[in-house]
Amino acid sequence: MRNSGSPALLARDFERFKGELPRDFPAHVREVYGIDLTARYLGETIPHPIGKGSGQLSLNESQLGVDADAGLAFAVLKTVIAQDAAGAQSMAAWAIHETKMKVERRGAGWTITWKGRGWDRSFDEYLALVRAGRDLTQDGRLVVVPSVKYHLPRLDEAFNEAEYEFTTRALAGAWGEPLLLLEKDFSPTLAGDALAGEQAQILRWLREVPARIRAQAAVRLAVKVMNARFDDDFQVEMTRAAAGADALVVFNRLFDAKHGVAYGGPELSDRNLRVLDRLATGGRPAELCGTGDIHSGRMVLEYARRGCESVQLHTFFQLPLEEYAATEGSRTQRALHQLVFDPADGLIAGMLDLETQGVLERRGGELHFLDLAADAHSPR
Ligand SMILES: Cc1cc2nc3c(=O)[nH]c(=O)nc-3n(C[C@H](O)[C@H](O)[C@H](O)COP(=O)(O)O)c2cc1C
């Protein structure tokens with residue numbers, strides 16, 4: 001059953017929600033369009049697929065509150081650098097402070113240039129933010145996930161167990177619930193580091209890090225995989241090596257060695273989608289969450305059709321206000337409005353088109369977002 005009046009309804013909703021996006025827009029989408037946006041991140045069922053990637057937009061409780069009010073599905077906290085009980089950090093070079101961010105056009109898209117790295121305040125302050133996130137998660141308002149960068153040794157070195165132990169246990173203690181959701185970041189600046197020049201070294205990290213973290217606490221673990229400075233074959237090999245994680249976030253930004261900065265934009269989504277195409281044929285190593293240059297509902301669907309059950313964005317939540325069609329509300333609301341309701345490029349328009357093309361079929365009268373990822377991994 002296709003609702004032939006949908007384009008007109010969509011144009012109307014897009015207009016009227018410019019002033020205010022209803023917080024429970026997934027219920028509206030289901031009722032009016034017969035589209036079930038239910039998605040999954042780290043084993044959690046979420047009302048729609050759009051979350052916020054770790055970074056400068058999840059540094060404090062008030063940002064999380066605004067996101068919860070807007071109806072965002074999940075938010076990953078800024079990456080904290082692991083430490084031992086005495087406060088020593090072997091990855092201390094990543095905990096630097098830098099305030100200036102530049103939002104710039106890159107090709108047909110956008111990128112953010114910023115030379116800072118991880119969380120630069122105290123670990124206790126991070127734990128307080130984790131507790132606030134736990135409360136929002138428990139109240140069903142926003143799934144919040146902490147993110148950590150742990151020690152990564154050279155091939156001939158041992159892992160710094162004391163950092164894995166102290167940091168993981170402290171986070172699990174602050175979370176307080178039986179199961180901690182956690183993201184482990186392998187960042188683009190790491191890809192640019194001399195440490196990441198050797199393939200065997202990177203593969204060892206991806207193979208061994210999940211077990212090191214699990215040894216310290218009961219966690220459901222996502223590994224955010226970097227774009228290494230090697231070819232697509234190696235990128236696929238990295239995802240296979242990381243299969244000990246419950247979920248993979250694919251893939252963090254590219255690294256521009258000449259300028260010493262990470263970047264996104266169309267080159268990032270081209271590379272990520274190309275590698276995900278390869279993964280779809282060989283079987284999925286773990287649950288997948290897409291990231292990179294997602295600026296429209298149609299781009300969400302490109303990732304979904306390659307097996308991603310949710311997505312996490314950063315740049316699109318940070319554009320100049322005039323880039324959004326909505327005229328009121330938080331940046332998060334304005335971005336969600338466009339990603340979901342844009343009559344040309346939004347999630348609803350894209351899913352209805354996939355129905356017309358015969359790619360997506362109604363079950364029980366509804367189109368289901370998660371069917372796209374399931375189809376990507378069913379044998380052809
Ligand atoms: C300014 C900035 C800071 C970021 N900081 C982190 C970080 O601390 N940890 C992390 O895992 N990813 C970090 N990211 C990566 C984003 O979470 C996201 O995965 C990436 O930018 C790709 O998505 P996008 O193209 O929508 O920005 C950062 C990105 C930006 C632009």
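Helices, such as the one that holds D135, are taken here as DSSP runs of H or I with at least four residues, numbered from the N terminus. By that reading, D135 belongs to helix α4, which spans residues 123-138. The structure described here is a predicted model. D135 is partly exposed, with a relative accessible area of 36%. Its C-alpha atom lies 8.9 Å from that of W175, although 40 residues separate D135 and W175 along the chain.

A good place to continue is the ligand and its surroundings. The ligand is surrounded by 19 residues, and the closest of them are S54, K78, T79, D293 and T315. By residue class, this shell consists of 10 polar, five charged and four nonpolar residues. Several contacts involve oxygen atoms of the ligand. A polar backbone atom of D293 is 2.7 Å from a ligand oxygen, and a backbone N or O atom of H314 is 2.9 Å from a ligand oxygen. In T315 it is the side chain that takes part, with an N or O atom 2.6 Å from an oxygen atom of the ligand. On its own the ligand has 610 Å² of accessible area, and the protein covers 96% of this.

D293 deserves a second look for its backbone. This residue sits in the loop between β14 (287-290) and α10 (297-304). Its phi is near 60°, a positive value in a residue other than glycine. D293 is also buried, at a relative accessible area of 15%, which falls under the 20% limit for that class. Most residues other than glycine have a negative phi, and most peptide bonds are trans. L42 also departs from the first of these habits, with a positive phi of about 50° although it is not a glycine. L42 is part of the loop between β2 (39-41) and β3 (44-46), and its relative accessible area is 0%, so it counts as buried. The peptide bond from V250 to F251 departs from the second, being cis with omega near -15°. F251 is placed in the loop that runs between β11 (247-250) and β12 (254-256).

Another loop residue, G55, brings the description back to some of the residues already named. G55 is found between β4 (50-52) and α3 (61-70) and is buried, with 5% relative accessibility. Leaving aside neighbours within four places in sequence, G55 is in contact with V76, K78 and H314. K78 is one of the residues closest to the ligand, and H314 has a backbone atom 2.9 Å from a ligand oxygen. The C-alpha atoms of G55 and R117 are 8.8 Å apart, with their positions 62 residues apart in sequence.

Strand β5 (residues 74-81) contains A75. A75 is buried, its relative accessible area being 0%. Not counting residues up to four places away in sequence, A75 touches K52 and L64 as well as L142, V143, V144 and V145. E165, by contrast, is 90 residues from A75 in sequence and 25 Å from it in space, C-alpha to C-alpha.

Two helices illustrate how burial is arranged. In α1 (residues 6-16), the buried residues are S6, L10, D13 and F14. Seen down the helix axis, the buried residues of α1 fall within an arc of 100°, and they therefore line one face of the helix. An α-helix has 3.6 residues a turn, so residues three or four places apart point the same way. The cover over the buried residues of α1 includes α2 (25-33), α11 (331-341) and α12 (347-356). Within α1, F14 is buried at a relative accessible area of 10%. F14 touches A325, H337, Q338, F341, D342 and P343, with residues up to four places away in sequence not counted. The C-alpha atoms of F14 and E309 are separated by 25 Å, and the two residues are 295 places apart along the chain.

Helix α8 (residues 232-241) has seven of its 10 residues buried, so it is largely enclosed by the rest of the structure. The buried residues are D232, F234, Q235, V236, M238, T239 and A241. They pack against α7 (199-214), β10 (219-225), β11 and α9 (266-282).

Key
Residues numbered from 1 in each chain as written. Predicted model: local features only at pLDDT ≥ 70, side-chain atom pairs only at ≥ 80, totals over all residues. Heavy atoms only, no water. Near = heavy atom within 4 Å. Polar contact = N/O pair within 3.5 Å; in protein donor to acceptor, adjacent residues only side chain to side chain. Areas by Shrake-Rupley, 256 points an atom, 1.4 Å probe, with all protein chains shown as cover. Nonpolar A, V, L, I, M, F, W, Y, C, P; charged D, E, K, R; others polar. Buried < 20%, exposed > 50% of the residue type's maximum accessible area, 1.4 Å probe, protein only. Arc of directions from axis to C-beta. Contact = heavy atoms within 4.5 Å.
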